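Take a walk through this structure with the viewer open. Keep the sequence beside it.

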Amino acid sequence: MCLLPLSRMKPPRMPSRIELSGFSAPYASLTGTLALSASHLDLTRAMLTVGYPSARAAISVVGQWRAKMLQAMIKGYLNQDLTSTNYYRNLEQSEKVAVSFLMGQAFTYWFAEKHMHLPFLVHVQGTSGYNCTPSSATTPLKMGAVPTALRSRPDFIGFKLGHYHVFESKGRSKRPSNAERQKALYQASMISSINGLSPSTRVACFFVFKANGVVGIIEDPPVSERPFDLYFDTMSAIRKSFAFFLEPFFQQRAREVRNEFVGIEIDEGLTFAIDKKLLSLLDRDRKDPNKIQAESVLSFLEERGPMYVLLRDTDLSAGLNGTLLIENRPKPTQNIKKRRISP
């Protein structure tokens with residue numbers, strides 16, 4: 001029997017998973033370990049959806065090229081079973097940091113939508129009406145959280161009708177150190193209120209991209225001892241999250257792709273689409289910003305959410321925000337060599 005040297009042995013296959021802790025009612029059922037069931041299409045749609053407002057605004061300049069780049073990241077750096085590819089593992093460190101950051105955002109959005117049922121995850125610092133001021137609340141600091149720079153803020157706000165959530169999102173190629181986790185816990189717990197409401201959760205997310213699978217480490221700490229009250233224009237955040245569909249290049253090329261959806265191809269065989277009625281609602285808001293309120297959009301999505309969930313399929317990723325990513329590419333076939341058998 002021939003044994004491989006230890007240096008050449010592959011690590012055992014580890015199912016991709018998320019490890020969750022600290023969640024309280026009504027999200028207490030999340031605490032524990034869950035399978036990470038995201039598909040390539042789910043993550044591509046998430047990559048196209050979440051990010052800084054400036055990234056969404058860049059669509060008007062770079063158009064579909066940006067969409068192709070983002071979907072190529074998921075395809076090129078993660079295998080279908082969510083193990084990282086050789087391309088990812090052999091990136092220069094500075095490149096790996098940037099790619100991990102973007103993929104971490106995508107996984108955070110997938111988690112927020114799939115397990116917390118949130119249609120929106122927005123980076124609010126560049127959003128109209130952004131204002132973050134020290135709060136008078138004095139609640140104890142989460143055990144394990146260590147204060148970071150006072151100007152530091154969490155990354156994202158997730159929201160649906162009547163609920164706000166805080167997210168700190170990080171992507172890594174290695175499991176985070178205790179110091180990194182302590183900093184993320186503090187950043188996530190800094191916000192005391194959002195538009196006058198206490199956040200339902202304050203979530204610190206790490207996603208680690210390994211050769212044998214993705215591991216998500218997600219914690220929900222209570223508020224810190226030096227929290228901030230955050231205010232932002234919810235409708236402005238909604239408009240920016242749909243920037244791709246509101247640009248002229250989309251509206252001029254959009255065609256009906258499914259009943260009640262319109263979209264365009266962002267790559268050969270890959271179509272990004274939006275609920276036609278939702279797009280009409282957003283168009284009315286753009287023409288008369290005082291006419292449509294955020295509650296109208298959120299109520300619309302709340303009502304149609306069950307229908308979106310039913311649309312999900314192996315070739316279609318449907319989001320709670322009324323968007324679809326549809327794959328019509330031919331499936332790869334394996335070339336099987338026939339072995340000649342001697343008589």
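What follows looks at aromatic rings, then at one lysine, then at a set of paired strands.

Bear in mind that this is a predicted model. Start with the rings. A pair of aromatic rings is described by the distance of the centres and the angle of the planes. Ring centres within 6.5 Å count as a pair. By that rule there are 16 aromatic pairs. One of them joins Phe120 and Phe159. Their centres are 5.1 Å apart, and the planes meet at 15°. Planes under 30 degrees apart count as stacked, so this pair is stacked. Now find the two residues along the chain. Phe120 belongs to strand E3 (residues 120-122), while Phe159 belongs to strand E5 (residues 156-160). They are 39 residues apart, so the pair links distant parts of the chain. Phe120 and Phe159 are both buried.

Compare another pair, Phe244 and Phe249. Here the centre-to-centre distance is 5.5 Å and the angle between the planes is 90°. An angle over 60 degrees counts as edge-to-face, so that is the label for Phe244 and Phe249. Both of these residues are buried.

Rings can also join up in a group. Tyr77, Tyr88, Phe107, Phe207 and Phe209 are linked by ring pairs into a cluster. Tyr88 has a further partner: the charged end of Lys96 sits over its ring, 5.6 Å from the centre.

Next, turn to Lys276. This residue lies in helix H11, which spans residues 276-287. Is Lys276 buried or exposed? Neither label applies, because its relative accessible area is 38%, and that makes Lys276 partly exposed. Which residues does Lys276 touch, leaving aside neighbours within four places in sequence? Its contacts are Glu256, Glu260, Phe261 and Val262. Take Glu256. It is 20 residues from Lys276 in sequence, yet the two C-alpha atoms are 8.5 Å apart in space.

Finish with strand E15, residues 323-327. This strand is mostly covered, with 4 of its 5 residues buried. Strand E13 (residues 270-275) runs antiparallel to E15, and 5 bridges join them. Leu270 has Glu327 in E15 as its bridge partner. Strand E14 (residues 316-318) also pairs with E15, in the antiparallel sense, over 3 bridges. There, Ala318 is bridged to Leu324 of E15. E14 and E15 form a hairpin, with 4 residues between them. Look at the turn: Gly322 has a positive phi of about 80°.

Key
Residues are numbered from 1 along each chain as its sequence is written. This is a predicted model: local features need pLDDT of at least 70, side-chain atom pairs count only at pLDDT 80 or more; totals for chains, interfaces and linings use all residues. Side-chain values use heavy atoms; hydrogens and water are left out. Rings of Phe, Tyr and Trp (its six-membered ring) pair if their centres lie within 6.5 Å; planes under 30 degrees apart count as stacked, over 60 as edge-to-face and the rest as tilted. Helices (H or I, at least four residues) and strands (E, at least two) are DSSP runs, numbered from the N terminus. Buried means under 20% relative accessible area, exposed over 50%, partly exposed in between (1.4 Å probe, protein chains only). A charge sits over a ring if NZ of Lys or CZ of Arg is within 6 Å of the ring centre and within 35 degrees of the ring normal. Contact means heavy atoms within 4.5 Å. Two strands pair if DSSP finds at least two bridges between them.
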